[in-house]
Amino acid sequence: MSTGTGAASAPAPATHDSPPAHETAQPAQSPTATESPEPAERTETVARTETVPSAESVERAETAVPAEPRTSSMFSSLRIRNYRLFFLGQVVSNTGTWMQRIAQDWLVLSLTGSSTAVGVTTALQFLPMLLFGLYGGVLVDRLPKRPTLLVTQSAMGATGLVLAFLTLTGHVQVWHVYVAAFAVGLATVVDNPARQSFVSEMVGPKHLQNAVSLNSANFQSARLVGPAVAGVLITGMGTGWAFLLNGLSFLAPIAGLLLMRARELHAVERAPRGKGQLREGLRYVAGHPELIWPIVLVGFIGTFGFNFPVWLSAYADDVFHAGAGAYSLFNTLMAIGSLTGALLAARRGTARLRVLIAAAALFGTLEIVAAGAPSLWLFSLLMVPIGIFGLTVNVTANTAVQMGTDPAMRGRVMALFMMVFMGGTPLGAPVVGWITDAYGARVGFALGGLISALAAVTIGLILVRASGLRLAVGWHRGHPRVRFVPRGEPVTA
């Protein structure tokens, strides 16, 4: 269960402007009981996008002074009761999910003695998203989100309980685990875009980035706790108990969904059933540069820059000869960095595309630097900022895409986003693994960072050109300042 501005306001990304007339004709989100109709309508209009980002809109978004502070309480969206119930349910369920991931891999390894079998299990869990991810988005746009999530969460909980029964009774076979992994993947096809879209219905545009960031912090916290708990359970009681607790953990999000107040949700008109909705979603994204380029960037980074299981295990074993303890240390430090990045993102009141490009460029650069680290401790320390900027890329892209998408299209767009992000790593891992085996871990890691950095710079230049901007270097109050301004505007001191 993965991904999630402040309490003040969340201006639209830098490339957004007022929508054309045919977009504004779409029904706006209904205000909650605590909001007046006028602010809700105004916020929804800001969140829409135009087909080509203009220099005027970018400059206004960059220089306008918001009515309220951009940075605000790190946990502001938790003041909303519905989201608070959702968040608490995810705390429990995410921990159980991480427990099952560890137990599942260990069970397959113990049944077969084959690392290839473990890889097959992982591939089966991601395969449905690659095959059916876009169709899942079409379904999500047609269906009410909360009942849909009740079904998907129940299905994933039932899978954990079935595995627990088979394992505890001694009847489990490896094909049972394969089927369970594929079943969880099928549920994720609908569950993932539904959860992504449902966040905006719970909190509204103002708190969207804060909520997306807190979802990521939630997931990263579970990433620290779940494997540790799973290790204790597997060692002391067996893998079946980890499956059992994961299955039971889904009771928490199900209870949270049932306890929500429907009248406090931001109503979104669902897309009617019709032909060509998948193609319509793809055309919609292709016609909006401020949507397609962040998705392309996330695709490059997910495919080539996030293959940490390949690289970190190779560094622990082949480069530093430090064994499993070092591998665990690398992952823990990266999780700490990711959690820090999520909490920092929660304080930001904006989802600017320039933040996304800068974070992606720094992420790739840090990977190149880490590839050449001469010592174990320097390499370990670099895992923290790599985690921070990697998570910043994910949260900022997620929020920018959600805020820039018409509510009626959000399920399809977020399905494409998650398919590209989640599906890229399994596709890139074999290539990156071959390069790492053939030329060494340092070359493989550096190449992944180089591709990520080049993708960030290239897409940044494309967005700048599409927006009619140019790079301006000048002085402001005695300090150098680098910014993008409309072409033809003089640089002022």
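This passage looks at one helix with two faces and at three pairs of helices that pack together.

The model is predicted, so to speak of local features a pLDDT of at least 70 is needed, side-chain atom pairs count only at pLDDT 80 or more, and totals for chains, interfaces and linings use all residues. Residues are numbered from 1 along each chain as its sequence is written, and side-chain values use heavy atoms, with hydrogens and water left out.

A good place to start is helix α11, residues 277–286 (helices are DSSP runs of H or I with at least four residues, numbered from the N terminus). Its buried residues, those under 20% relative accessible area with a 1.4 Å probe and protein chains only, are Gln277, Gly281, Tyr284 and Val285. Looking down the axis of α11, these buried residues fall within an arc of 95° (taken from the directions from the helix axis to the C-beta atoms), so they line one face of the helix. An α-helix has 3.6 residues a turn, so residues three or four places apart point the same way. Over on the other side of α11 sit Arg279, Arg283 and Ala286, which are exposed (over 50%).

Next come the pairs. The axes of α15 (residues 353–371) and α18 (residues 441–466) come within 7 Å and cross at roughly 160°; axes here are lines fitted to C-alpha atoms over the stretch in contact, with angles from 0 to 180 degrees between N-to-C directions. The two helices are therefore roughly antiparallel to each other (an angle over 145 degrees). α15 passes α18 in a left-handed crossing, meaning that the near helix is turned anticlockwise from the far one by less than a right angle. Among the residues of α15 that meet α18 (heavy atoms within 4.5 Å) are Leu353, Ile357 and Phe363, and their partners in α18 include Phe445, Leu450 and Ile459. By class, this contact of α15 with α18 has 15 nonpolar, six polar and two charged residues (Ala, Val, Leu, Ile, Met, Phe, Trp, Tyr, Cys and Pro count as nonpolar, Asp, Glu, Lys and Arg as charged, and the others, Gly among them, as polar).

Helices α6 (residues 145–168) and α7 (residues 174–203) have axes that come within 9 Å and cross at roughly 155°. α6 and α7 are therefore roughly antiparallel to each other, and their crossing is left-handed. Their contact has 12 nonpolar, seven polar and five charged residues.

Finally, the axes of α8 (residues 208–236) and α16 (residues 376–403) come within 9 Å, crossing at roughly 145°. This crossing of α8 and α16 is right-handed (clockwise). The contact of α8 with α16 has five nonpolar, seven polar and no charged residues.

Methods: Angles under 35 degrees count as roughly parallel, over 145 as roughly antiparallel, 65 to 115 as roughly perpendicular and the rest as oblique.
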